[in-house]
Amino acid sequence: MEEAKMGDVATIRAVLAILQWWGFNVTVIIMNKWIFQKLEFKFPLTVSCVHFICSSIGAYIAIKILKMKPLIEVAPEDRWRRIFPMSFVFCINIVLGNVSLRYIPVSFMQTIKSFTPATTVILQWLVWRKYFEWRIWASLVPIVGGIMLTSITELSFNMFGFCAAMVGCLATSTKTILAESLLHGYKFDSINTVYYMAPFATMILSVPAIVLEGSGVINWLYTYDSIVPALIIITTSGVLAFCLNFSIFYVIHSTTAVTFNVAGNLKVAVAVLVSWMIFRNPISAMNVVGCGITLIGCTFYGYVRHLILQQAVNPSPRTPRSRMEMLPLVGDKQEKN
């Protein structure tokens, strides 16, 4: 009886964790698109800077003041030798995501982001010469095929936005791969990651934002009619961006790896549906099919990764050691933003 109650509590906790993760993620994406499209604040570097500043402040409050998470101490030399390069890639990843939102619909952008597993495997194979068994390559086929079908049938296709989203996938993959080597020895959670990387990202991005978008932002401040509500929305998006990082930490510790993978792919479907309901961007039937194929491929990929990890934990005596390095990523649960 006691075990059944504990199981029910765990299930409720997992469902609530997934729902709040979906809520923060979809809200941040929709708000960013609203900022670019409805508020006519077409400055993705500045929006990214606001997010980094809010995340820096939020992580400091959560760790230093509220003591919600213990601070993982990092040696001063490691902050520049390890954290700074990671922060640079982290910065590029966030900026390209916002740049792509500036030019393409949320539905298309979210589908392209699902290409990240493929870029991660291909990068590790080409650059790091990692071995992958046939099941991994087979799971990438529907992902690549779905992305191609979605891109060909996208009615609001924009080449610049498409390229920004694709390079963003490469940046996400690079960040994931580099984390294994650069952050070796440090067990970072999402909050400590933001605590160390967001200030560096703010420093990296502030100068380009001022140089490239400063005059445009000033002109917008003088010409836009409802300036105070608009600034509240922009700031709120930054606060929610930090809350999203906190929600990722919560959902990772409340679900299994398989549940996390499936929930991450369903989250994309929810974001696509909600964005279409709000912005009413035209979507063809084949576009929906392409998105569905991509998400099914991502789910299959996550399931295959989980099986391979289980085999690596309990290897067969006949399994060659070289074949046990199937997906040398940070862990079975990758943090999906």
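This is a short tour of a predicted model, stop by stop.

**Stop 1: the annotated spans**

Start with the record. An unreviewed UniProt entry gives the annotation "transmembrane region" to residues 12–31, 43–63, 83–104, 134–153, 195–221, 227–251, 258–279 and 285–304. Colour those spans, then look at two of them.

Select residues 83–104. This span is 95% helix and 0% strand. Its end C-alpha atoms lie 31 Å apart.

Now select residues 227–251. Here the chain is 100% helix and 0% strand. The C-alpha atoms at the ends are 36 Å apart.

**Stop 2: helix α2 and two residues in it**

Select residues 44–65, which form helix α2. Two residues here deserve a click.

Pick H51, found in helix α2. Is H51 buried or exposed? H51 has a relative accessible area of 5%, so it counts as buried; the cut-off for buried is under 20%. Next, add T236 to the selection. H51 and T236 are 185 residues apart in sequence. In space, their C-alpha atoms are 9.2 Å apart.

Move to A62, also placed in helix α2. A62 has a relative accessible area of 3%, and is therefore buried. Draw a distance from A62 to V239. The two are 177 residues apart along the chain, and 13 Å separates their C-alpha atoms.

**Stop 3: α2 against α8 and α9**

Keep α2 selected. Packed helices are described by the angle between their axes and the distance between the axes.

Add α8, residues 190–223. The axes of α2 and α8 come within 7 Å. They cross at roughly 150 degrees. An angle over 145 degrees counts as roughly antiparallel, so α2 and α8 are roughly antiparallel to each other. The crossing of α2 past α8 is left-handed.

Swap α8 for α9, residues 227–252. How do the axes of α2 and α9 cross, and within what distance do they come? They come within 8 Å and cross at roughly 50 degrees. That angle makes α2 oblique to α9. This time α2 passes in a right-handed crossing.

**Stop 4: the loop between α8 and α9**

Stay with α8 and α9, and select D225. D225 sits in the loop between α8 and α9. Its relative accessibility is 74%, so D225 counts as exposed. Now add L39. D225 and L39 are 186 residues apart along the chain. Their C-alpha atoms are separated by 9.8 Å.

**Stop 5: R135 in helix α6**

Select residues 134–153, helix α6. Show the side chain of R135, which lies in this helix. R135 has a relative accessible area of 18%, so it counts as buried. Then show E133. The side chains of R135 and E133 make a polar contact at 2.2 Å.

**Stop 6: helix α7, its cap and its partner**

Select residues 159–182, helix α7. What span should its 24 residues cover at 1.5 Å a residue? The expected value is 34 Å. The end C-alpha atoms are 33 Å apart, which agrees.

Zoom to the N-terminal end of α7. N158 caps it. A side-chain oxygen of N158 lies 3.0 Å from the backbone nitrogen of F160.

Now bring in helix α5, residues 116–126. α5 and α7 pack at an angle of about 55 degrees, and their axes are 8 Å apart. That angle makes α5 oblique to α7. α5 passes α7 in a right-handed crossing.

**Stop 7: two loop residues with positive phi**

Select K67, in the loop between α2 and α3. Its phi is positive, about 55 degrees, although K67 is not a glycine. With a relative accessible area of 60%, K67 is exposed.

Finish at R280. Where is R280 found? R280 is in the loop between α10 (257–279) and α11 (285–313). Its phi is near 55 degrees, a positive value in a residue other than glycine. What is its relative accessibility? The value is 54%, so R280 counts as exposed; the cut-off for exposed is over 50%.

Conventions: Residues numbered from 1 in each chain as written. Predicted model: local features only at pLDDT ≥ 70, side-chain atom pairs only at ≥ 80, totals over all residues. Heavy atoms only, no water. Helix = DSSP H or I, 4+ residues; strand = E, 2+ residues; numbered from the N terminus. Buried < 20%, exposed > 50% of the residue type's maximum accessible area, 1.4 Å probe, protein only. UniProt positions renumbered as here; feature names shortened; annotations may be inferred. Expected span 1.5 Å × (residues − 1). Polar contact = N/O pair within 3.5 Å; in protein donor to acceptor, adjacent residues only side chain to side chain. Axes fitted to C-alpha atoms, helices over the stretch in contact; angles between N-to-C directions. Parallel < 35°, antiparallel > 145°, perpendicular 65-115°, else oblique. Left-handed = near helix turned anticlockwise from the far one by under 90°.
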